[in-house]
Amino acid sequence: MQTATTHLDREHCVRAVQSKDARFDGWFFTAVLTTRIYCRPSCPVVPPKPENMTFYPSAAACQQAGFRACKRCRPDTSPGSPEWNQRADLVARAMRLIADGVVDRAGVPGLAARLGYSTRQVERQLLAELGAGPLALARAQRAQTARLLIETSALPMAEIAFAAGFASIRTFNDTVREVFALTPSELRARAPKSGAGTPGGLSLRLPFRAPLNPSNLFGHLAVTAVPGVEEWREGAYRRTLRLPYGQGIVSLAPRPDHIACRLTLSDLRDLTVAISRCRRMLDLDADPVAVDDHLRTDPFLAPLVDKAPGRRVPRTIDEAEFAVRAVLGQQVSTAAARTHAARLVMAHGKPLDDPEGGLTHLFPSPEALAAVDPESLAMPRTRRTTFTTLVRELADGTLPLGVEADWAEARTRLLALPGFGPWTVDVIAMRALGDPDAFLATDLGIRRAAKELGLPSTPAALTARAEAWRPWRAYAVQYLWATDSHPINFLPV
């Protein structure tokens with residue numbers, strides 16, 4: 001399996017480049033010493049001589065070393081490294097925050113504060129592992145955002161510069177020219193004319209590593225969709241977005257080699273974070289080959305993997321929203337959980353206009369829910385206590401569940417809340433925190449599937465048996481759920 005140090009194994013990298021192996025796209029980047037160009041491993045051009053190759057762990061490191069992006073393979077558009085979504089250490093958490101636009105909004109001091117470390121510690125660890133500090137990594141991301149806006153919108157360049165996070169038009173022009181060896185105007189001239197959109201509306205392609213099982217991913221999102229906030233329409237999952245600068249609506253539809261993404265944003269400065277959150281929700285940066293190869297070593301799981309490989313873990317756009325919905329879904333059916341959530345949305349969600357109809361509200365923020373009179377909530381008293389305690393801690397920041405959260409600490413805090421048992425904590429860990437090793441041993445659907453397969457079905461015995469599936473137990477859950485006809489009904493606490 002690839003790791004964060006894959007780029008240090010020169011022989012391994014050379015073989016990947018010579019075979020144009022797309023599985024390594026995003027894991028490392030190839031810089032060509034003679035042309036001063038950097039590429040993804042699967043670049044379609046004739047590979048350079050091995051002695052002319054050098055390897056970097058990030059596009060930012062390539063740019064910082066003076067290399068420009070290849071115009072053929074566009075390495076800046078490759079899927080992100082799976083490392084950042086399968087680890088919970090400082091570097092991984094920092095990378096998730098940078099992808100979420102924190103450096104652009106709050107600078108490096110703001111990034112460090114969210115992580116609970118000093119600025120110097122964050123810079124030192126990012127530089128050691130990625131060959132670039134937080135400013136360089138954010139700059140590379142701004143360049144990619146700028147390219148998306150240049151190629152997919154009709155916005156004036158000045159608006160694109162500030163929407164992408166640049167402080168000035170000059171910096172925007174210089175960065176685009178340096179990274180892509182083309183001016184912004186030249187980039188737009190090369191873009192397909194059909195790719196241009198309208199201000200506030202953007203059509204994008206979200207890449208992923210094959211294989212991808214769309215029925216698993218989109219089926220779960222469609223079945224659990226909250227009316228008014230989410231819907232499945234004409235082959236696409238649509239939902240409303242609460243973003244740092246405004247609000248938006250996203251439409252996501254599976255295609256053979258990408259996810260078609262249509263974004264409507266009230267403020268284009270939210271583009272980077274919207275893309276990041278959509279990718280995270282759909283688990284698009286996963287390495288399904290590595291996951292499936294590991295799970296296939298278990299003779300009970302191998303037939304499930306072979307039957308429908310590439311299952312992803314459906315995650316969430318908003319961690320706090322999912323935690324609230326997990327509480328609403330305790331000990332009730334999926335349909336009942338949707339009904340409870342829809343009532344909450346209609347009563348306390350912020351209305352918004354959907355040009356296509358169907359979507360009506362943003363899901364209520366923790367602050368809005370914390371201000372609700374508990375007596376007005378139509379739920380049992382014990383559940384009401386669980387709900388009000390959760391939203392209060394989410395609203396005052398006592399319980400951080402965002403991309404910067406320490407998974408172990410978040411689990412401990414959740415278990416300390418009244419009404420939170422193993423199932424609720426594990427499902428939040430899997431879908432909100434993004435822990436790829438979260439395991440729902442008490443879930444009734446999982447226990448039924450285990451019994452059907454001849455595996456132990458009691459929580460303790462099943463947990464012991466699942467040790468062999470580490471560190472991908474959340475993906476094993478997806479395969480086990482697929483064997484059960486009612487995988488997410490009658491959810492326990």
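Let me start at one bridge: V32 is partnered in β3 with M53. Keep in mind that this is a predicted model. The bridge belongs to the pairing of strand β1, residues 29-32, with β3, which is antiparallel and runs over 4 bridges.

Those two strands are part of an open sheet of 4 strands, and the order across it is β3-β1-β2-β4. The pairing in this sheet is mixed. At the edges stand β3, residues 53-56, and β4, residues 68-69, each of which pairs on one side only. As a reminder, strands of a sheet pair through backbone hydrogen bonds, and they do so either parallel or antiparallel.

Now the other sheet I want to show. This one is also open, with 5 strands in the order β5-β9-β8-β7-β6, and its pairing is antiparallel. Which strands stand at the edges? They are β5, at 201-206, and β6, at 230-233; each has a single partner strand, so one side of each is left without a neighbour in the sheet. From one strand to the next, the twist averages 20°.

Within that sheet, look at β8, residues 247-254, and β9, residues 259-265. They pair in the antiparallel sense over 7 bridges. One of the residues to click on is P254, whose bridge partner in β9 is I259.

Next, the aromatic residues. How many aromatic pairs are there? The count comes to 8. I will go through two of them.

The pair of F29 and Y38 is edge-to-face, with 6.2 Å centre to centre and 75° between the planes. Are these two residues buried or exposed? F29 has 6% relative accessibility, so F29 counts as buried. Y38 is at 0% relative accessibility and therefore counts as buried too.

The second pair is F218 with W232. Here the ring centres are 5.9 Å apart and the planes lie at 55°, so the pair is tilted. F218 sits in helix α11, residues 214-223, and W232 in strand β6, so the pair ties together parts that are 14 residues apart in sequence. F218 is buried, at a relative accessible area of 3%. W232, with a relative accessible area of 41%, is partly exposed. Recall that β6, the strand holding W232, is one of the edge strands of the sheet.

There is also an aromatic cluster, formed by F24, F28 and F55. F55 falls in the range of β3, 53-56.

Two arginines lie over rings. The charged end of R36 sits over the ring of F67, 3.9 Å from the ring centre. R269 lies over the face of Y245, and there the distance to the ring centre is 3.8 Å.

On to helix packing, with one example. Helix α4, residues 90-99, packs against helix α7, residues 134-152, at an angle of about 40°, and the axes are 10 Å apart. How do the two helices lie relative to each other? At that angle α4 and α7 are oblique to each other. The crossing of α4 past α7 is right-handed.

Last, some backbone details, beginning with cis peptide bonds. The bond from A210 to P211 is cis, with omega near 0°. Where is P211? P211 lies in the loop between β5 and α11. That loop therefore leads from an edge strand, β5, to the helix that carries F218. The bond from R470 to P471 is also cis, with omega near 5°. P471 is found in the loop between α22, 459-465, and α23, 473-481.

Then there are positive phi values in residues other than glycine. K20 has phi near 50°. K20 belongs to the loop between α1, 10-18, and β1, and with a relative accessible area of 32% K20 is partly exposed. A181 has phi near 60°. The place of A181 is the loop between α9, 169-180, and α10, 184-190. A181 is likewise partly exposed, at a relative accessible area of 28%.

To go back to the start: the loop with K20 ends at β1, and β1 is the strand that pairs with β3 over 4 bridges. That is my last slide.

Methods:
Residues are numbered from 1 along each chain as its sequence is written. This is a predicted model: local features need pLDDT of at least 70, side-chain atom pairs count only at pLDDT 80 or more; totals for chains, interfaces and linings use all residues. Side-chain values use heavy atoms; hydrogens and water are left out. Two strands pair if DSSP finds at least two bridges between them. Axes are lines fitted to C-alpha atoms, for helices over the stretch in contact, and angles run from 0 to 180 degrees between N-to-C directions. Rings of Phe, Tyr and Trp (its six-membered ring) pair if their centres lie within 6.5 Å; planes under 30 degrees apart count as stacked, over 60 as edge-to-face and the rest as tilted. Buried means under 20% relative accessible area, exposed over 50%, partly exposed in between (1.4 Å probe, protein chains only). A charge sits over a ring if NZ of Lys or CZ of Arg is within 6 Å of the ring centre and within 35 degrees of the ring normal. Angles under 35 degrees count as roughly parallel, over 145 as roughly antiparallel, 65 to 115 as roughly perpendicular and the rest as oblique. A crossing is left-handed if the near helix is turned anticlockwise from the far one by less than a right angle, and right-handed if clockwise.
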